[in-house]
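User: Please give a close account of the packing in this model. I would welcome one connected description with the criteria stated.

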Amino acid sequence: MFQFAAHYSWLIPLLPLIACVLAGLCMWKARNAAHIPPILAMIGSFILALTLLIGISQDPSRAAHLQNNQVFEWFSAGSLHIGASSSIDQLTALYLTFITGIGLLIFIFSVGYMKGDFGFPRFFAYMSIFVFFMCCLVMGNSFLLLYLGWEGVGLASYLLIGYYYPRPAAVAAAKKAFITNRVGDFGLAIGLFLIFQTFNTLNFTDVFARLQDPAFVAAHHTAIYWIPFCIMLGAFGKSAQFPLHVWLPDAMEGPTPVSALIHAATMVTAGIYLIARTMPLFLATPGNTDALDTVACIGGFTSFLAATIALCQYDLKRIWAYSTISQLGYMFLALGVIAPTSAVFHVFTHAFFKALLFLSSGAVMHAMGGELDIRKMSGVRRVMPITHITMLIGCIALAGVPFIGAGFFSKDEIIHAALNSHTPVGLPLGALALLVALLTAFYTFRAYFRVFWGPLELPATAGHHEASPFALDAGHTEDVHSPDTGGIDTVHAKQGHEEASHGETAGGQMVGAGHGHDTDAHGPNDGPAVMWIPLIVLAIGAIGAGYLGYKPAGDWIHHFLNPVLGGYGHAEGATGEAIDRVSEPVMMALGFAIPLIGIVTAWFFFLKNRHAAEIVGANLRPVVRFLYNRWYIDAIYSAAITKPLRFFAYIQSYVDRYLVDGIVFLVGFFPQLLGYSLKPTQRGLLQRYAVGMIAGMAAVIVGILYLLR
Amino acid sequence: MELNIVHLIPEIILLVTACLVCLLGLSSSDLVRRSCQVLAAIACLLGLGVTIATHYIAVNNGTLQSTQAALVNFRYYNPQFITGLACAIGFIMVLISWDMPARSDPTSTDTRYRGEYFGMMLFSLAGVAMIGKVNDLVWLFIVLELVSIPTYIMVATGRSQIIAQEAGIKYFFLGALAAAIFLFGFSYIYGATGATRFADIREALGGSQMAALNNPLALIGILAVIVGVSFKIAAVPMHFYTPDVYQGAATPVTAYLAFAPKTAGIIAIIAMLSLFNFNYSTPEGYSVMILLSVMAGLTMTIGNVLALLQRNIKRTLAYSSIAHSGYMLVGLAAGPGLVGSTGEVGHDGVLATLFYLGSYAVMNTGAFAVLAYLQGKADAGEDLDDLAGVAREHRGPALMFALCLFSLIGMPLTVGFVGKLYIVNTALSSGRMALAIIVAVNAAIAAAYYLKIIGSMYLREPLYPFSLRRTPAIRAAAIICTVGTIALFFVPTILMLPSWGYNAHDSASAAPLIQPQNASRLGAVTTPASANLRMAIMQSAGSSAPADGLRNTQFVR
């Protein structure tokens with residue numbers, strides 16, 4: 001079985017690619033069957049990836065045989081030979097497993113979520129190509145293949161974020177994501193050029209082998225010093241770290257499954273993979289941890305920044321988006337303090353609970369007709385019992401509730417590693433991370449208590465399909481015929497009528513909020529089985545994934561990843577004695593206390609006494625506004641970068657329109673002018689023509705005589 | 001070197017059929033009259049078959065060199081190429097003319113003048129087929145008139161509209177004037193050398209290998225012939241008639257005018273230049289080169305800038321025909337290149353011109369074929385507005401028209417690109433930098449009016465419903481030409497047939513003209529990706545030709 005999977009490992013990316021083409025072809029004949037090829041492909045890829053993972057786990061030496069397997073030579077130019085070759089080790093196998101596994105669950109969820117949408121085949125085609133590029137990214141054995149996947153992931157995210165392209169916000173978000181990523185990609189590209197110039201190869205194995213030679217490192221110390229910074233820029237772009245984090249919250253303009261895919265399985269985890277993979281480059285110069293310290297600082301700061309912003313957001317998905325940025329900050333912090341295993345462990349657990357949170361939010365959004373403002377809903381647990389449970393599990397995992405949430409294990413490990421780090425930045429950043437853990441628990445349960453507890457209160461749009469800009473589902477949505485149950489909120493009902501009169505709601509039918517007795521087939525509910533079954537699977541993962549790294553339970557993940565990532569910490573630790581600033585029991589106690597404090601605080605303000613929250617908010621209005629406006633970072637970018645560029649472009653457009661075009665028109669005018677001046681020679685008179693011919697002959701004779709004079 | 005009667009079989013077929021068709025056209029039976037064009041088409045195909053067959057028989061027998069006629073004294077271009085081209089394009093012309101002569105009444109099935117029309121066309125085609133084989137001034141004159149005089153009749157009777165008659169009269173009078181001028185030139189040449197046979201004239205000008213122009217009388221004669229014959233190719237200063245006649249004639253006749261007299265004229269000019277072996281090094285020879293260069297520059301510029309202002313498509317294509325003559329003259333002004341060098345097509349101006357002639361025949365005939373197809377039976381609809389939005393309903397014809405026009409622009413993936421590439425390359429390799437620049441500028445100007453037609457077809461709304469002339473024969477002609485336009489980009493060697501006979505000056509001492517490995521290499525060039533690659537292959541093929549025994553003429557300018 002393992003041999004089979006190893007031999008056909010190239011099918012892992014290929015299957016989604018084929019599925020992409022097939023789903024696209026469904027556009028013509030079988031619109032509603034477009035999900036079948038991608039899901040089958042994902043199942044196939046997942047089985048192969050899981051087989052590889054288990055096989056390598058059983059016998060780590062097997063990974064050695066999976067290095068640099070060339071399927072075919074892609075191209076070669078001079079000394080650069082690029083094959084379509086894969087290298088699969090523990091890191092890649094783990095990544096492949098959760099990319100395809102969680103991807104598969106998201107695909108299944110999407111079948112229910114995207115049902116009846118105009119772009120159904122297009123959606124699945126894009127999703128498949130997304131997975132294809134992500135697999136390329138983690139499977140490639142050279143920087144160039146990684147870059148191929150890297151750019152491809154950027155493209156796929158652009159297509160998916162802008163999926164609702166008639167909606168200007170979606171288009172703007174797609175452009176923002178793409179352009180912000182370009183900034184990072186630029187850094188990565190420069191890094192690649194430097195690597196090729198320095199090492200004359202782009203193959204991971206060859207590059208890392210050269211680094212073993214101290215003489216070589218000394219000879220190229222400048223390039224080797226700067227290469228990590230370039231790579232880091234790429235990772236920050238893709239993984240949404242400050243200052244390139246601004247695209248991720250806007251990326252939720254895509255359909256919710258896209259957000260889940262971007263935040264959990266693909267895209268943002270690529271940055272962690274990149275740095276984990278190229279760790280030798282970061283540690284190339286002994287004693288020099290400048291690059292890693294930068295990574296740790298940026299990661300720590302970003303996690304704090306995003307957590308504070310998440311405190312004051314009202315959009316459910318936006319809260320989870322900032323929490324992703326914050327959690328990614330943790331991962332970079334772990335990388336920066338040379339604990340890559342912990343970082344990857346957190347990627348792994350985070351993939352489960354973030355996918356769970358997004359898909360649950362998607363279910364809420366689906367039921368509420370596209371509304372996600374937590375101020376407009378309350379007590380939703382009564383109409384969506386399953387979603388409530390899954391969302392609770394996701395929140396527990398994110399907050400890091402001891403022994404239940406997966407985040408508890410991985411997050412505490414990172415904080416512990418930071419606090420006990422050799423690097424100078426470790427201790428302060430570890431302390432900051434503790435604070436962030438508190439904030440995380442607080443904002444997570446703030447959203448949870450606001451939405452799912454308290455008196456039942458639903459937005460007017462509840463029960464409708466999310467207003468698709470393609471507006472094709474007006475006639476055949478199954479939910480719209482719910483009778484108006486009177487509504488609990490006349491204001492909302494009135495709003496709903498207004499919306500209906502504007503033709504924004506499907507079929508012009510008004511649906512008020514379901515009142516509890518109306519929770520089965522109509523109105524807001526948990527949705528079809530294809531939607532809640534993936535949620536349950538993810539919920540199990542969100543609880544169970546953490547135990548893979550639990551020491552009494554065997555600590556599988558560390559044993560598994562150590563052959564690849566375990567060596568770095570030791571190499572650095574050899575220079576000094578082990579530090580034990582914060583012992584494990586103390587850390588355990590902190591890990592117990594902090595999430596619980598956060599949760600209790602959230603419970604007090606957002607369930608027990610919601611009025612108190614408003615009072616606190618009113619008293620801290622400037623802070624709230626500062627956080628609500630996301631530290632004004634977007635505004636600063638707009639004023640400092642976008643506006644000057646736009647102004648410059650404006651000037652350029654005038655130069656182009658009047659100067660350049662003017663010259664072009666002038667040039668084009670000359671032939672016409674010449675033509676007009678010659679037109680009198682063509683009056684159609686036979687005699688004139690004859691005279692012209694004779695004159696021409698005469699001119700020839702005269703001219704020749706002149707030449708020969 | 002002497003022609004065998006065998007090599008005139010295609011012409012004989014065409015002439016006999018012409019007579020037959022003229023007779024059949026007198027028949028009282030409509031059915032018999034209708035068989036005229038079928039016979040004409042068969043004659044053309046037969047002629048083409050015989051041409052190819054004799055060529056291959058000669059190749060197989062190894063007697064090709066002995067059967068070559070001297071198109072150019074010191075270099076051998078296979079005149080059978082022109083015969084084959086005349087028969088092949090002639091066949092397409094017959095297809096385009098299937099409904100001819102056009103009547104203003106679209107429902108009319110009048111076939112009374114059909115015999116005359118196709119008879120005249122075949123006579124003229126016979127002249128074109130023969131033009132490459134003449135070796136005497138008298139013959140040259142007769143053949144030139146054989147090409148032209150039937151076309152006067154075709155212009156006047158091809159269409160029952162007054163502008164056709166006007167065009168016919170204009171064409172006839174101006175053609176007579178042009179004939180007078182080049183006949184005048186012939187008399188000067190005869191007066192200077194005392195001979196009419198080309199070989200004797202060369203002897204008189206310094207010997208067949210050393211011929212050079214240093215006799216003022218002969219110079220005047222050759223100048224007059226070139227200027228006079230420039231009427232046939234519609235070049236400055238004899239270009240004035242072109243738009244009026246092209247516009248006035250029925251579209252199939254216009255297509256024919258753009259091919260037959262032009263081919264004959266270019267070959268006649270090559271024959272004149274070969275009288276002094278393209279030796280541009282003497283002052284007199286140099287002045288001929290200057291004349292050709294100036295004519296080329298003026299012809300393309302005047303043709304293109306005037307075409308810019310036209311709204312009538314036939315008139316536009318008439319000016320474009322003038323411009324393309326200018327491009328062809330560039331190759332002649334460049335000359336065949338250094339004699340010592342190998343004669344690859346990219347550096348041999350005469351070969352480049354012959355190639356351009358063939359490619360222009362294919363793409364321009366294609367354009368006229370589509371135009372004829374798009375016009376109603378009444379021969380209306382030749383204005384730019386008439387073609388507005390044609391692509392909406394008639395995608396096939398519009399696409400074919402667009403492809404032929406792209407080829408006339410010289411876009412890659414069409415044969416027009418290869419032709420322009422060779423022309424510019426010969427201009428550069430012979431040091432005529434200015435001409436190369438003028439060609440490039442003119443190509444840019446030309447793109448404007450061709451694109452205007454394409455834009456009208458594709459970007460505008462139809463002004464009124466469009467009725468096609470649903471004649472399968474015209475459609476077939478358009479398809480053949482369009483496919484040829486694309487295919488010849490990939491397999492241009494077909495149009496390099498004139499170089500098959502290329503070799504040293506003395507056929508008796510020369511190695512076999514088609515060496516087996518040469519033939520296989522030429523045949524193998526079927527899948528090149530780019531023209532550059534192809535040129536490289538051609539060069540390597542040409543380089544295996546023996547370079548001994550060549551004249552040591554220095555082309556100083």
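Analyst: The account below takes up a helix pair first and the contact between chains second.

The model is predicted, so local features require pLDDT of at least 70 and side-chain atom pairs pLDDT 80 or more, while totals for chains, interfaces and linings use all residues. Residues are numbered from 1 along each chain as its sequence is written, with chains lettered from A and ligands numbered from 1 in the order written.

In chain A, helix α20 (residues 426-452) and helix α24 (residues 584-608) have axes that come within 8 Å and cross at roughly 35°. Helices are DSSP runs of H or I with at least four residues, numbered from the N terminus; axes are fitted to C-alpha atoms over the stretch in contact, with angles of 0 to 180 degrees between N-to-C directions. The crossing of α20(A) past α24(A) is right-handed (the near helix is turned clockwise from the far one by less than a right angle).

Residues in contact have backbone-placed C-beta atoms within 7 Å. On the α20(A) side they include A:Leu434, A:Phe442, A:Phe445, A:Arg446 and A:Arg450; α24(A) contributes, among others, A:Ile594, A:Pro595, A:Gly598, A:Trp603 and A:Phe606. By class, this contact comprises 16 nonpolar, 3 polar and 2 charged residues (nonpolar: Ala, Val, Leu, Ile, Met, Phe, Trp, Tyr, Cys, Pro; charged: Asp, Glu, Lys, Arg; polar: the others, including Gly).

Between the chains, 27 residues of chain B contact 23 residues of chain A. On the chain B side, α6 (162-193), α8 (216-229), α9 (241-248) and α12 (283-308) each supply at least two residues, and α12(B) provides the largest share, 10 residues. That side has 22 nonpolar, 2 polar and 3 charged residues.

Notes:
Two residues are in contact if their C-beta atoms, placed from the backbone, lie within 7 Å.
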